[in-house]
Amino acid sequence: MVIPEFCAWLENTALGTEIRQSTWMFPTIETLHVLATVMVVGSVTMLDLRLLNLAYRDRSIREVHEDVLPWTWSSFAVAAVAGSLLFTSSATKYYHNFTFRMKMLFLLLVGINAVFFELRTYPRVMDWDREARIPLAAKMAGAVGLLLWIGVVAFGRWTGFTK
Amino acid sequence: MDLTEALQNFCDWLANTPLSLKIQTITWIIPAVQTIHILCVALVMSCMAMMDLRLIGVAGTRRPVSVAVSRFVPWVWGALPVLLATGTILTIGEPSRELLNPYFRTKMATLVVVILITFFVQRQNKKDANYWEARKGMAALAGVFSLLLWVGIVTCGRWIAYY
């Protein structure tokens, strides 16, 4: 298996060592990670709630999609970079951590849900956007996304409490 | 007996109440409550970012400022009581970690200021839907201030753990 060796190498790079030993770097990067994460989750929740017909009802799904997702994606990029740096500081520890693995699994599921929605459900949005009833597939994407993101946040926060 | 000493005594007393002891001994309570807290932070932060960016004039510009203010502010008033309740549980569980912490105090002071700004933005908007549209400079200033203060609140919140 190459992953444990990769982790050992990663945390012993100058960068990993620096983040681990510095008193201010980890909290600072972590703050950035939290700020970006709350923007990701909050903005994508707006779209999810629209898909569930629980918010933004006066605007088309396409409009909400266009307005909200660029912020989601740019925040996600920041969260991913900051998260990777945090991982670098103690790669082996995180790799073996159960809650961290669950968080990654939930992120993967979030990704699958999003890709499925973008490739299968959203391309035909023009057909159903102006109708009173939102198709089940779109509602499901919203509900599943919402629940999975809650899981990502919960496991992420729990990781901070584990050794 | 000075104020710090009185506060210290209060923390010691609070930490020994049955409720606090319960929160301290049941290990999942604090991570679970923190998760709810941060999910609400995600809602507040993204709603405020959307409103502030609209006030500044860089996001959601297809719709007037008044729409953004009346869409996003109610979510903040809805989430704040949950944040207050979960924050109170965390404080009862670890009184001196919070009440004697300069980051916690800064966070609370900043929160009061930003609530007043948000309340003012909403009130002027209710009185006159064109209020902020007609005062672009002041709107941008309010947006910048509000955004910076919310980022400050999240930053202080995370740094509480490192004092």
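This is a guided tour of a predicted model with chains A and B, with suggestions for what to select at each stop.

**Stop 1: chain B as a whole**

Start by showing chain B alone as a cartoon. You should find 7 helices and 0 strands, so it is no surprise that the pattern along the sequence reads α-α-α-α-α-α-α. The C-alpha trace of chain B spans about 55 × 35 × 25 Å along its principal axes. If you colour by burial, 31% of the 163 residues in chain B come out as buried. A contact map is worth a glance here too: among contacts in chain B between residues at least 6 apart in sequence, 79% join residues at least 24 apart.

**Stop 2: where chain B touches chain A**

Now bring chain A back and select the residues that bridge the two chains. On the chain B side there are 19 residues, in contact with 19 residues of chain A. Which helices of chain B each supply at least two residues to the side that touches chain A? They are H3 and H7. H3(B) gives the most, with 12 residues. Colour this side of chain B by residue type and you will see 13 nonpolar, 5 polar and 1 charged.

**Stop 3: the largest nonpolar core**

Keep both chains on screen and move to the largest nonpolar core, which has 62 residues. The residues with the most contacts inside this core are A:Val38, B:Met45, B:Cys47 and B:Met48. To see where the core residues come from, highlight the helices that give two or more residues each. In chain A these are H3 (25-51), H4 (61-89), H6 (98-121) and H8 (136-159). In chain B they are H3 (29-56), H4 (65-93), H6 (102-127) and H7 (136-159). H3(B) makes the largest contribution to the core, 14 residues.

Zoom in on B:Met45 and show what surrounds this residue. Apart from neighbours within four places in sequence, B:Met45 is in contact with A:Val38, A:Met39 and A:Gly42 from chain A, and with B:Trp150 and B:Val154 from chain B.

**Stop 4: H3(A) against H8(A)**

Hide chain B and select H3 and H8 of chain A. Two packed helices are described by the angle between their axes and the distance between the axes. For this pair, the axes come within 8 Å and cross at roughly 150°. That angle makes H3(A) roughly antiparallel to H8(A), and the crossing is left-handed.

To display the contact in sticks, select these residues:

- From H3(A): A:Val41, A:Val44, A:Thr45, A:Asp48 and A:Leu51.
- From H8(A): A:Ala138, A:Lys139, A:Ala141, A:Gly142, A:Gly145, A:Leu146, A:Trp149 and A:Val153.

By type, the residues of this contact divide into 8 nonpolar, 3 polar and 2 charged.

**Stop 5: H6(A) against H8(A)**

Leave H8(A) selected and swap H3(A) for H6(A). At what angle do H6(A) and H8(A) pack? The angle is about 160°, with the axes 8 Å apart. H6(A) and H8(A) are therefore roughly antiparallel to each other. H6(A) passes H8(A) in a left-handed crossing. The residues of this contact divide into 16 nonpolar, 7 polar and 1 charged.

**Stop 6: two positive phi values in chain A**

Next, follow chain A into the loop between H3 and H4. A:Asn53 sits in this loop, and its phi is near 65°, a positive value in a residue other than glycine. Is A:Asn53 buried, exposed or partly exposed? A:Asn53 is partly exposed, because 15 other C-beta atoms lie within 10 Å.

The same check is worth making on A:Tyr56, which is found in the loop between H3 and H4 of chain A. A:Tyr56 has a positive phi of about 60° although it is not a glycine. With 18 other C-beta atoms within 10 Å, A:Tyr56 is partly exposed; the cut-off for buried is 20 or more.

**Stop 7: B:Gly60**

Finish in chain B by centring on B:Gly60, in the loop between H3 and H4 of chain B. B:Gly60 has 19 other C-beta atoms within 10 Å and is therefore partly exposed. Draw a C-alpha to C-alpha distance from B:Gly60 to B:Met50: these residues are 10 apart in sequence and 7.7 Å apart in space. Leaving aside neighbours within four places in sequence, the contacts of B:Gly60 are A:Asp67 in chain A, and B:Met50, B:Arg54 and B:Ala68 in chain B.

Definitions and conventions
Residues are numbered from 1 along each chain as its sequence is written. Chains are lettered from A and ligands numbered from 1 in the order in which they are written. This is a predicted model: local features need pLDDT of at least 70, side-chain atom pairs count only at pLDDT 80 or more; totals for chains, interfaces and linings use all residues. A nonpolar core is a set of buried Ala, Val, Leu, Ile, Met, Phe, Trp, Tyr and Cys residues joined through C-beta atoms within 7 Å. A residue is buried if 20 or more other C-beta atoms lie within 10 Å of its own, exposed if 12 or fewer, and partly exposed in between; C-beta atoms are placed from the backbone. Helices (H or I, at least four residues) and strands (E, at least two) are DSSP runs, numbered from the N terminus. Two residues are in contact if their C-beta atoms, placed from the backbone, lie within 7 Å. Axes are lines fitted to C-alpha atoms, for helices over the stretch in contact, and angles run from 0 to 180 degrees between N-to-C directions. Angles under 35 degrees count as roughly parallel, over 145 as roughly antiparallel, 65 to 115 as roughly perpendicular and the rest as oblique. A crossing is left-handed if the near helix is turned anticlockwise from the far one by less than a right angle, and right-handed if clockwise. Ala, Val, Leu, Ile, Met, Phe, Trp, Tyr, Cys and Pro count as nonpolar, Asp, Glu, Lys and Arg as charged, and the others, Gly among them, as polar.
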